[in-house]
Amino acid sequence: MNAVVEEHHDEHHDHGPAKGITRWLYTTNHKDIGTLYLWFSFAMFFVGGICALGIRAELFQPGLQIVQPEVFNQLTTMHGLIMVFGAVMPAFVGLANWLVPMMIGAPDMALPRMNNYSFWILPFAFGMLISTFLMEGGAPNYGWTFYAPLSTEYAPPSVTFFIFAVHLMGISSIMGSINVIVTILNMRAPGMTLMQMPLFVWTWLITAYLLIAVMPVLAGVVTMMLMDIHFGTAFFSAAGGGDPVLFQHVFWFFGHPEVYIMILPAFGIISAIIPTFARKKLFGYDSMVYATASIAFLSFIVWAHHMFTVGIPLAGELYFMYATMVIAVPTGVKVFNWVATMWQGSMTFETPMLFAIAFVILFTIGGFSGIMLSIVPADFQYHDTYFVVAHFHYVLVPGSIFSIMAAVYYWLPKWTGNMYDETLGKTHFWLSFIGINVTFFPQHFIGLAGMPRRIPDYALQFADWNMVSSCGAFLFGFSQLLFLFIILKCIRGGERATEKVWEGARGLEWTIASPAPYHTFSTPPKDMADAHG
Amino acid sequence: MSNEETYQEYFVPHSSKLPILASLGIFLIVYGMGNMFNEMSSGTDSSFGEIVLFLGGLVMGGTLFFWFSEVIKENHSNLYSDQLNRSFVWGMSWFIFSEVMFFAAFFGALFYVRTFVVDWIGGVGERGPSDMLWGGYEPHWPMMNPPDPEKFAGPKELISPWGLPLINTLLLVTSSFTVTFAHHGINEGNRKKLTNWLLATIFLGVVFLFVQGYEYYHAYVDLGLTLASGIYGTTFFMLTGFHGAHVTLGTFMLIVMLFRARSGHFSKTDCFGFEAAAWYWHFVDVVWLGLFVFVYVLGS
């Protein structure tokens with residue numbers, strides 16, 4: 001390292017964070033922005049969770065006890081929207097912000113001011129979305145998939161603000177993804193080739209590509225709604241020569257890649273954690289990369305499997321069925337690789353590893369029910385029942401959410417410099433694990449027995465399992481207060497974390513101090529030997 | 001990636017008030033528009049939406065002005081390394097890709113309607129039973145007779161592609177050449193050439209917008225072709241309208257580049273702002289070619 005470079009280093013980067021609230025409002029630091037994203041996501045997780053508990057409280061017994069059907073519809077809609085766009089996606093963006101620059105040896109994200117812009121749009125967007133609860137006619141009540149004409153002709157006036165909230169989220173996501181892609185393509189430390197990147201970086205590169213490709217399509221479909229509602233266009237009105245089914249095609253062209261946007265970064269996290277605690281290199285790194293890319297490609301050509309019962313031509317049904325089944329192949333490669341990584345490893349079971357193993361098992365269950373749903377004649381039976389609800393909650397809660405929790409436990413010592421409380425962490429894991437299975441496993445049964453989704457009341461034969469499911473939901477929901485407590489406790493203090501934190505950890509982020517200094521890798525690191533697990 | 005000896009540090013800006021102001025600006029814009037549209041559709045007599053929208057426009061416009069000024073200032077202070085300039089290039093390329101996908105949604109809607117919906121509404125094909133809604137209805141493309149004429153009064157006549165649209169095509173294709181000549185001006189260090197060709201490009205863009213505006217006027221007043229005249233008017237105005245909005249933005253970008261060129265900005269090795277505007281211009285040009293073929297020529 002020559003002297004000139006060192007001098008530069010001192011000039012620009014010896015300042016720490018600003019004091020007070022302006023640090024967070026004006027920051028350009030990827031770690032600060034990552035923290036903002038993560039806390040925002042956690043707050044939305046609780047808001048969306050309250051909606052979910054409202055739903056489960058109403059469904060605890062048959063009959064209408066707590067909320068009216070109109071309010072129930074608003075709760076299901078807002079639960080879905082807030083969890084997808086407010087909790088899961090921002091959490092992954094927060095993790096990308098914290099980790100990608102540290103993993104590739106970059107001084108920050110490529111476009112730091114735009115990075116802050118991406119974040120601060122979100123509180124405005126969700127403030128506006130949540131405020132629709134107080135508007136005349138109430139919040140959006142047409143389901144998170146907002147099918148036309150429910151969301152156009154029959155929607156409450158608040159739909160206009162819903163549309164603009166979606167626009168804001170889209171703008172935020174697109175700018176955030178551009179930042180991630182540019183960072184990964186342009187900011188890797190010299191000597192780090194694409195095939196040396198940690199898998200979390202790889203999965204985020206592909207996720208960001210998906211986001212840039214499909215968020216504009218979402219913007220397009222809500223714009224069509226806006227025009228149909230206020231300017232008399234006929235996109236989704238058969239009376240004018242349009243077609244409500246067109247809405248579903250455009251929406252799911254966004255919606256299916258969106259599903260993988262919420263799971264690919266999770267694959268990256270799990271691929272980092274399992275090797276660490278199995279103390280082995282990741283089995284089949286190259287095949288993991290190719291499998292991720294294949295899943296991303298396939299996500300663009302399977303959208304109509306969400307619409308089997310809407311009346312698409314038989315050739316379409318067959319094509320979308322077989323194309324969907326093909327996704328099981330690259331996904332199977334991934335599950336195989338995780339299991340093979342653990343095979344004959346010298347395993348320990350700290351909290352992140354527990355979440356990671358639970359992820360592998362429970363996500364696979366969600367994947368299998370997905371294959372069941374991909375079979376057209378079977379789907380005619382399952383469509384819009386609780387079986388579908390069970391399926392996508394198995395891939396989203398013990399899938400995406402567990403991976404986020406695993407990531408928080410895994411990197412929290414690097415972020416705060418302190419170890420979290422392992423006993424409490426394990427307690428949180430087991431409460432969540434039991435809660436989630438008690439909530440969603442019975443929904444397979446009531447779904448197969450014919451209980452429809454998005455209905456506040458149900459026939460008596462579904463009563464027992466609904467009660468069980470509601471108990472599980474409250475267990476899972478309240479366990480998250482423990483998660484909050486563990487994080488706060490860890491921030492305030494605890495056993496000091498070492499640089500490497502975990503004995504088997506590999507990667508550039510484990511070569512810097514804990515907590516990570518405010519600015520890292522102002523000049524790029526040189527040793528790439530250990531860059532990925 | 002450069003080697004260690006020549007490595008110039010990647011410039012990470014200090015904290016900045018601009019992003020949070022831009023967030024406020026964009027929020028006020030959409031909140032204002034939301035109120036405006038709801039007031040319009042419910043017939044409420046209130047200008048709350050307009051006021052919020054106007055304030056948002058001010059905040060956003062001001063913030064963007066200072067934001068771009070700051071970037072230009074930093075660039076002129078030699079804070080930007082080659083690597084950082086590559087970040088801008090990548091960033092703009094991916095932004096244009098996102099715009100492509102936005103248009104793809106609307107083109108996709110047009111293709112879907114033309115390929116499937118028209119037949120199905122008329123009772124042809126596997127979704128023939130939808131014929132029950134409007135028995136005996138005979139659909140055509142372009143759709144001059146929407147199934148329910150009381151809700152959607154069809155257009156009397158359509159725009160011929162070989163009149164104004166053809167002129168507009170020539171204008172935009174020519175402007176793609178003129179903007180390239182302006183770029184050559186930068187490469188040759190010939191400022192006169194740069195500003196003159198840039199001026200010509202802007203002129204072509206503005207004329208295009210006027211012609212498009214006249215065509216809309218003609219469509220609404222003489223032909224009864226409106227946003228609300230059924231699916232043909234819907235796809236026609238949404239596709240050409242969003243394209244027109246993008247031409248407006250592109251023209252504005254080129255005007256900014258003209259002012260910058262006149263203040264002596266841009267050299268062969270340092271002209272990213274100009275290049276970004278030029279790429280954007282080529283992008284709207286290509287979209288227009290798609291429109292001309294699929295909306296105007298094959299559409300009527």
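Here are some numbered notes on this predicted model, moving from overall scores to individual residues.

1. Confidence first. The model scores 0.95 for ipTM and 0.95 for pTM. For chain B, the mean pLDDT comes to 93, with 96% of the residues at 70 or more. As a general caution, coordinates should not be read in detail where pLDDT is low.

2. Chain B is a helical affair: seven helices and zero strands. Going along the sequence, the pattern reads α-α-α-α-α-α-α. The C-alpha trace of chain B spans about 80 × 45 × 40 Å along its principal axes. If you look at contacts in chain B between residues at least 6 apart in sequence, 71% of them join residues at least 24 apart.

3. Now for burial and surface in chain B. Of its 300 residues, 49% are buried. The chain exposes about 14,200 Å², and 68% of that is supplied by carbon and sulfur atoms.

4. The largest nonpolar core has 276 residues, and the members that touch the most others are A:Phe85, A:Phe146, A:Phe162, A:Trp338 and B:Phe274. Helix 7 of chain A (residues 199-230) gives the largest share of this core, at 23 residues. There is also a second, separate core of five residues, including A:Leu373, A:Ala378, A:Tyr382 and A:Phe387.

5. A:Phe146 deserves a look of its own, as one of the core members with the most touching partners. Setting aside neighbours within four places in sequence, A:Phe146 contacts A:Ser151 and A:Phe162, then A:Leu218, A:Val221, A:Val222 and A:Met225, and finally A:Phe247 and A:Phe251. Note that A:Phe162 is both a contact of A:Phe146 and another of the core members that touch the most others.

6. Which residues of chain B does A:Thr28 contact? They are B:Pro13, B:His14, B:Ser15 and B:Ser16. Within chain A, and leaving out neighbours within four places in sequence, A:Thr28 contacts A:Ile33, A:Asp108, A:Pro112 and A:Arg113. A polar atom of the A:Thr28 side chain lies 2.7 Å from the backbone oxygen of B:Pro13.

7. Staying with A:Thr28, the residue sits in the loop between helix 2 (22-26) and helix 3 (30-58) of chain A. Is this loop residue buried or exposed? A:Thr28 counts as buried because its relative accessible area is 6%, under the 20% cut-off. Its C-alpha atom is 7.1 Å from that of A:Asn115, although the two are 87 residues apart along the chain.

8. A:Ser177 belongs to helix 6 of chain A (residues 159-186). With a relative accessibility of 1%, A:Ser177 is buried. What does its side chain reach? The partner is the backbone oxygen of A:Ser173, at 2.5 Å. Beyond neighbours within four places in sequence, A:Ser177 is in contact with A:Ala208, A:Leu211 and A:Ile212.

9. Next, A:Pro156, in the loop between helix 5 (112-131) and helix 6 of chain A. A:Pro156 is buried too, at 8% relative accessibility. Apart from neighbours within four places in sequence, its contacts are A:Gly137, A:Gly138, A:Ala139, A:Asn141 and A:Tyr142. From A:Pro156 to A:Ala213 the C-alpha separation is 30 Å, with the two positions 57 residues apart in sequence terms.

10. Over in chain B, B:Asn168 lies in helix 4 (residues 164-187). The residue counts as buried because its relative accessible area is 0%. Where does the polar side chain find a partner? The side chains of B:Asn168 and B:Gln212 are joined by a polar contact of 3.2 Å. Neighbours within four places aside, B:Asn168 also contacts B:Phe208, B:Val211 and B:Trp288.

11. Last, the cysteines. How many disulfides does the structure hold? The count over all chains is zero. Two cysteines to check by eye are A:Cys490, buried with a relative accessible area of 1%, and B:Cys271, also buried, at 4% relative accessibility.

Methods. Residues numbered from 1 in each chain as written. Chains lettered and ligands numbered in written order. Heavy atoms only, no water. Core = buried A, V, L, I, M, F, W, Y, C linked by side-chain atoms within 4.5 Å. Buried < 20%, exposed > 50% of the residue type's maximum accessible area, 1.4 Å probe, protein only. Helix = DSSP H or I, 4+ residues; strand = E, 2+ residues; numbered from the N terminus. Contact = heavy atoms within 4.5 Å. Polar contact = N/O pair within 3.5 Å; in protein donor to acceptor, adjacent residues only side chain to side chain. pLDDT = per-residue confidence, 0-100. Disulfide = S-S within 2.5 Å. Areas by Shrake-Rupley, 256 points an atom, 1.4 Å probe, with all protein chains shown as cover.
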